[in-house]
Amino acid sequence: MDGKEGVRKGPDMMEIGLVEQATVAVKDGKVIYAGPAENAPQFEANEEIDCHGKLVTPGLVDPHTHLVFGGSREHELALKQQGVPYLDILKQGGGILSTVNATRDAKEEELYNKALFHLDRIMSYGVTTMEAKSGYGLDELNELKQLRVTKQLQKDHPLDIASTFLGAHAIPPEYKDDPDAFLSEMLRVMEVVKEENLAQFTDIFCETGVFTVEQSRKYLEKAKELGFEVKIHADEIDPLGGTEMACEVDAISADHLVGASEKGIEKLGESRTIAVLLPGTTFYLNKNEFAKARDMIEHNAAVALATDFNPGSSPTENLQLIMNLAALKLRMKPEEIWNAVTVNAAHAIGYGERAGKIKEGRNADIVIWDVPNYLYIPYHYGVNHVNTVIKGGAVAYKRGEQLGRVTVS
Ligand code: IZC
Ligand code: ZN
């Protein structure tokens, strides 16, 4: 249940610390015992939850989402069916830029209510800690607006949320001919983000038609000078060499990596950079080539998995579905998948010492599943297996009971 310390790289991803016939005891929101039932001390329990025949795991961690946005992009589905590539839709002013328009038009309160709706749904699938990126404002006013919504949600919602400034997500029409000037402007905004403590991480979309590897490297180096840990959207669609660069700048995570080169994969194994893979996006972009998870693990990389929840390339809150895709499309083993959505996912967002494990002294972030064993979830797909989500010792979601916090108009 606890197992090896630290991030789990390569063969260590097979270690899950499984305990059969376990007891978990919780007091004041913290785990005070986790281990074999037969070794558990006598507790005076106020409340007991019978988990016979059920699986109990740490709360899942979703380390890559674009949680706060206006509008939706269902009209792009028809374009996708006609075979129009994602980057072409963006080039024509759609895609990310269509969400930027909708986000700029939305009031803070609308964004808040919409994100809250999605957040409740994310938690209902077993997630207790996650990351949320900005990146649909692309100017000071609207980037800060998104980040303030995230900050308010951090205060109001039981889920723990790590915040990432993704001002460098696309080139807005105002800067179409001068991406370098746009990046300079985002570096200026980043200083405000730092002063107002609105994000722990900085991220950039390094991709054909967006930002080059060299632009991204410079931008992330500056972000580090400002005191941010850095992340990168790398080699998602075209293989540009972003994976190597991410390792060279010591990014905490490099995300997507579908087109990672052999050299990039080797570097992941030698660095502390965690490979955050997003097979839901590859599936939803209708691609045949998925990230080379097996090569990465064989080269001793630490792999994590995330939904990439966003209105364009991955409209799903369901991290369990990502676990199924990881099994079938990334050929990851069930043990590796569990580490990728718990321990490694937590490390990818700086929560390695706080989330991803059921461990004495830690917050009691626990999921009770309606399944007989841990192999079952990567196998039985398309439904929600959660029975109960416990966050910080309190029941935050229970199957069959409405959360009912908000209505979305
Ligand atoms: O809104 O399409 N890839 N950013 C980079 C995204 C996907 C989100 C989006
Ligand atoms: Zn993303």
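**Figure 1. The second largest pocket of this predicted model has a volume of about 470 Å³.** Its lining is made up of 30 residues. Closest to the pocket's centre are Lys80, Tyr284, Gly312, Ser313 and Pro315. Three helices each give two or more residues to this lining. They are helix H1 (76-81), helix H2 (86-91) and helix H4 (108-124). By type, the lining residues divide into 13 nonpolar, nine polar and eight charged.

**Figure 2. The largest cavity is the space taken by ligand 1.** The volume of this cavity is about 90 Å³. Its lining counts 13 residues. Look for His66, Tyr86, His169, Asn310 and Ser313, which lie nearest the centre of the largest cavity. What types of residue form the lining of the largest cavity? Four are nonpolar, six are polar and three are charged. Ser313 also appears in Figure 1, among the residues closest to the centre of the second largest pocket.

**Figure 3. Ten residues form the shell around ligand 1.** Start with Arg73, Tyr86, Ile96, Tyr136 and His169. Then find Phe205, His233, Glu236, Asn310 and Ser313, which complete the shell. The shell residues divide into four nonpolar, four polar and two charged. Arg73 and Glu236 are the charged pair. Tyr86, His169, Asn310 and Ser313 belong to this shell, and they are also among the residues nearest the centre of the largest cavity.

**Figure 4. Side chains of Tyr86, His169 and Glu236 meet polar atoms of ligand 1.** Which atom of ligand 1 pairs with the side chain of Tyr86? An oxygen atom does, 2.5 Å from an N or O atom of that side chain. For His169, the partner is a nitrogen atom of ligand 1, and the distance to a polar side-chain atom is 2.7 Å. Glu236 also faces a nitrogen atom of the ligand. Here an N or O atom in the Glu236 side chain lies 3.1 Å away. How much of the accessible area of ligand 1 does the protein cover? On its own, ligand 1 has 270 Å² of accessible area, and the protein covers 100% of it.

**Figure 5. The second largest cavity holds about 50 Å³ of space.** The structure has four cavities of 30 Å³ or more. Glu5 and Gly6 help to line the second largest cavity. Val343, Ala346, His347, Gly352 and Glu353 line it too, as do Ala355, Lys357 and Arg362. These lining residues divide into three nonpolar, three polar and four charged. The charged ones are Glu5, Glu353, Lys357 and Arg362.

Terms used. Residues are numbered from 1 along each chain as its sequence is written. Chains are lettered from A and ligands numbered from 1 in the order in which they are written. This is a predicted model: local features need pLDDT of at least 70, side-chain atom pairs count only at pLDDT 80 or more; totals for chains, interfaces and linings use all residues. Side-chain values use heavy atoms; hydrogens and water are left out. A residue is near a molecule or strand if one of its heavy atoms lies within 4 Å of it. A polar contact is a pair of N or O atoms within 3.5 Å; within protein, one must be able to donate a hydrogen and the other to accept it, and residues adjacent in sequence count only if both atoms are side-chain atoms. Accessible areas come from the Shrake-Rupley method with a 1.4 Å probe; for residues, only the protein chains shown count as cover. On a 1 Å grid over the protein atoms alone, a cavity is a set of points where a 1.4 Å probe fits but cannot get out, and a pocket is an open set with protein on both sides within 12 Å along at least five of seven lines; lining residues have an atom within 4 Å of a point. A molecule sits in a cavity or pocket if more than half of its atoms lie within 2 Å of its grid points. Ala, Val, Leu, Ile, Met, Phe, Trp, Tyr, Cys and Pro count as nonpolar, Asp, Glu, Lys and Arg as charged, and the others, Gly among them, as polar. Grid points are joined across faces, edges and corners, and a volume is the space filled by probe spheres set on the points. Helices (H or I, at least four residues) and strands (E, at least two) are DSSP runs, numbered from the N terminus.
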